[in-house]
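Open your viewer and get the selection tool ready. We will go from stop to stop, and at each one you will hear what to select and what to look for.

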Amino acid sequence: MAQNIHVAIVGGGIGGLAAANALLHRGISVAVYEQAGALGEVGAGVFIYPNSLRQLERIGLGDALARVGAKVGSGSEYCRMDGSVVGKILTTDSSGWNGMYGMHRADLLNALADALPASSIHTGHRCVGFSQDENGARLTFENGNVAEADVVVAADGINSVLQRYVVEPSAPEYSGFRAYRGLISADKVPQWKREAHQVWMGDGKHFMVFPVRRGELLNYVGFVPTNNETVESWSAIGDRDELAASFAGWDPRVTGLLDKVESCFWWGLYDRKPLAKWTNGRLTLLGDAAHPMLPHLGQGANQAIEDGTALAVLLQQCGTSGDISEALQKYEAFRHPRTSLVQSEARKNGLRYDSKYKDLAQRDKEIANSAVFRKSLYDYDIEKEAIDLHV
Ligand SMILES: Cc1cc2nc3c(=O)[nH]c(=O)nc-3n(C[C@H](O)[C@H](O)[C@H](O)COP(=O)(O)OP(=O)(O)OC[C@H]3O[C@@H](n4cnc5c(N)ncnc54)[C@H](O)[C@@H]3O)c2cc1C
């Protein structure tokens with residue numbers, strides 16, 4: 001009986017809360033432990049693509065996301081730095097039914113948290129230790145509390161504390177890039193196409209804009225190389241003038257928008273080569289703790305949501321009479337190849353966006369062909385694939 005399994009999730013980010021929803025939906029009891037005093041995400045955008053949107057809709061979150069998401073579709077294009085068009089950006093799956101949203105990260109997090117019983121979320125719980133035996137797993141927290149569970153999911157991000165209980169820790173790799181990002185009221189740039197995701201590529205860097213929060217805000221990100229390693233913190237204040245100077249002389253739509261920007265954040269871009277292992281007995285990794293990736297396919301959070309769906313299906317199938325450790329091994333074996341592929345494709349896409357090509361015609365050809373990979377990403381139905389594993 002799946003409902004007798006109790007899962008403790010460490011980390012109340014997008015990955016942890018999405019997993020909690022997926023597990024609860026399948027009758028599995030959950031508790032989420034978050035180190036911060038309150039759940040929260042910063043003022044920045046995140047894409048929710050068809051591959052994860054269909055999973056969130058299936059567990060009843062469709063209306064909540066539709067209320068706060070911004071539909072992304074018409075007018076979405078890749079451009080060169082001068083504004084000339086390279087091609088269209090794919091924004092639906094092949095059925096054309098499942099589209100995508102640009103979301104304010106806080107709106108997404110709130111939608112995920114609001115769907116959970118308040119009693120299942122424990123803020124102010126910084127996990128500092130883990131142990132396990134044949135009867136269960138035990139977490140210890142900085143505040144002196146302890147928690148027991150049948151399964152522990154480490155959704156504690158790229159600098160995961162629990163990762164060391166699974167695998168020899170490896171430091172995240174700095175990409176040499178800094179992302180300047182922020183939100184601007186759509187009213188400030190009234191000529192902007194409301195549903196458009198736009199990417200400008202050139203000169204070793206790239207810039208992108210997409211709508212969030214019903215289209216009331218535009219999320220912009222400038223990806224700029226720097227030798228100064230930048231912390232990966234959503235709250236580090238960036239230099240607005242440096243951002244504007246980095247894109248001086250680009251398409252007037254870019255420079256015009258940057259003229260209106262008053263402040264921004266910056267974030268160092270890191271990923272990590274695929275880990276050798278995600279699972280040790282009752283403990284498994286999920287989201288950035290398992291597979292941090294560069295944001296050049298916008299899939300980090302989407303893959304974390306897929307992880308949660310897969311885990312929920314496999315733990316439900318396992319039930320208390322099954323072997324939990326075997327179910328977690330199955331989850332790892334199932335998810336590892338897909339997330340490793342997305343990690344490596346995200347790196348390649350970054351090279352295209354930053355125009356690191358001798359022959360730009362070749363880059364343009366690859367951008368056109370990348371729609372094939374995107375289509376396969378968006379069409380993939382993780383729930384169906386996980387259920388089919390059992391058949
Ligand atoms: C510039 C940029 C743009 C991006 N755009 C997109 C996009 O469009 N689409 C997309 O899918 N992804 C995108 N991503 C990636 C995405 O943000 C991440 O992959 C995703 O947020 C990871 O979620 P997570 O829950 O695994 O980790 P996190 O969001 O890092 O959450 C981890 C949580 O664990 C908590 N925690 C940490 N340690 C402990 C502890 N010891 N005890 C308790 N709690 C702890 C943290 O406080 C945090 O709340 C982007 C990333 C960047 C940098």
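## Stop one: an arginine and its partners

Select Arg 338 and Glu 306, and you will see their side chains joined by a polar contact of 2.8 Å. Keep in mind as you look around that this is a predicted model. Arg 338 sits in helix H7, which covers residues 324–353. Is Arg 338 buried or exposed? Arg 338 counts as buried, because its relative accessibility is 12% and the cut-off for buried is under 20%.

Now add Leu 377 to the selection: its backbone oxygen lies 3.2 Å from a polar atom of the Arg 338 side chain. To complete the surroundings, show Asn 51, Gln 303 and Tyr 380 too; along with Glu 306 and Leu 377, they are in contact with Arg 338 once its neighbours within four places in sequence are left aside.

## Stop two: the ligand

Next, select the ligand and display what is around it. How many residues surround the ligand? There are 33, and the closest are Glu 34, Arg 105, Arg 181, Trp 267 and Ala 301. Sorted by class, this shell has 14 nonpolar, 13 polar and six charged residues.

Zoom in on the backbone for three polar approaches. At Gly 15, a polar backbone atom is 2.8 Å from an oxygen atom of the ligand. At Cys 127, a backbone N or O atom lies 2.9 Å from a nitrogen atom of the ligand. At Ala 301, a polar backbone atom is 2.7 Å from a ligand oxygen atom.

Switch on a surface here if you like: the ligand taken alone exposes 1,000 Å², and the protein buries 88% of that. To see which elements give two or more residues to the shell, colour helix H1 (14–25), strand S3 (45–48), strand S13 (173–185), strand S17 (265–271) and helix H6 (300–318).

## Stop three: the nonpolar cores

Hide the ligand and turn to the largest nonpolar core, which has 71 residues. Select Val 7, Ile 9, Leu 65, Leu 139, Val 152, Leu 162 and Leu 315, the members that touch the most others. Helix H6 gives this core its largest share, nine residues.

Leu 65 is a good place to pause. Not counting residues up to four places away in sequence, Leu 65 touches Leu 53, Leu 56, Tyr 101, Met 103, Leu 108 and Ala 111. For a second, separate core of 28 residues, select members including Ile 89, Leu 269, Leu 297 and Ala 346.

## Stop four: two loops with positive phi

Most residues other than glycine have a negative phi. With that in mind, select Asp 203, in the loop between strand S14 (198–202) and strand S15 (205–212). Asp 203 is not a glycine, yet its phi is positive, about 55°. Asp 203 is exposed, with a relative accessible area of 52%.

Move along to Arg 213, in the loop between S15 and strand S16 (217–225). Here too a residue that is not a glycine has a positive phi, about 45°. Arg 213 counts as partly exposed, at 25% relative accessibility.

## Last stop: back to helix H7

Finish with Leu 351, which is also placed in helix H7. Select Lys 205 with it: the two are 146 residues apart in sequence, and their C-alpha atoms are 9.1 Å apart in space. What does Leu 351 touch, not counting residues up to four places away in sequence? Select Lys 356 and Tyr 357 to see those contacts. Leu 351 is partly exposed, with a relative accessible area of 44%.

Technical notes
Residues are numbered from 1 along each chain as its sequence is written. This is a predicted model: local features need pLDDT of at least 70, side-chain atom pairs count only at pLDDT 80 or more; totals for chains, interfaces and linings use all residues. Side-chain values use heavy atoms; hydrogens and water are left out. Helices (H or I, at least four residues) and strands (E, at least two) are DSSP runs, numbered from the N terminus. Buried means under 20% relative accessible area, exposed over 50%, partly exposed in between (1.4 Å probe, protein chains only). A polar contact is a pair of N or O atoms within 3.5 Å; within protein, one must be able to donate a hydrogen and the other to accept it, and residues adjacent in sequence count only if both atoms are side-chain atoms. Contact means heavy atoms within 4.5 Å. A residue is near a molecule or strand if one of its heavy atoms lies within 4 Å of it. Accessible areas come from the Shrake-Rupley method with a 1.4 Å probe; for residues, only the protein chains shown count as cover. Ala, Val, Leu, Ile, Met, Phe, Trp, Tyr, Cys and Pro count as nonpolar, Asp, Glu, Lys and Arg as charged, and the others, Gly among them, as polar. A nonpolar core is a set of buried Ala, Val, Leu, Ile, Met, Phe, Trp, Tyr and Cys residues joined through side-chain atoms within 4.5 Å.
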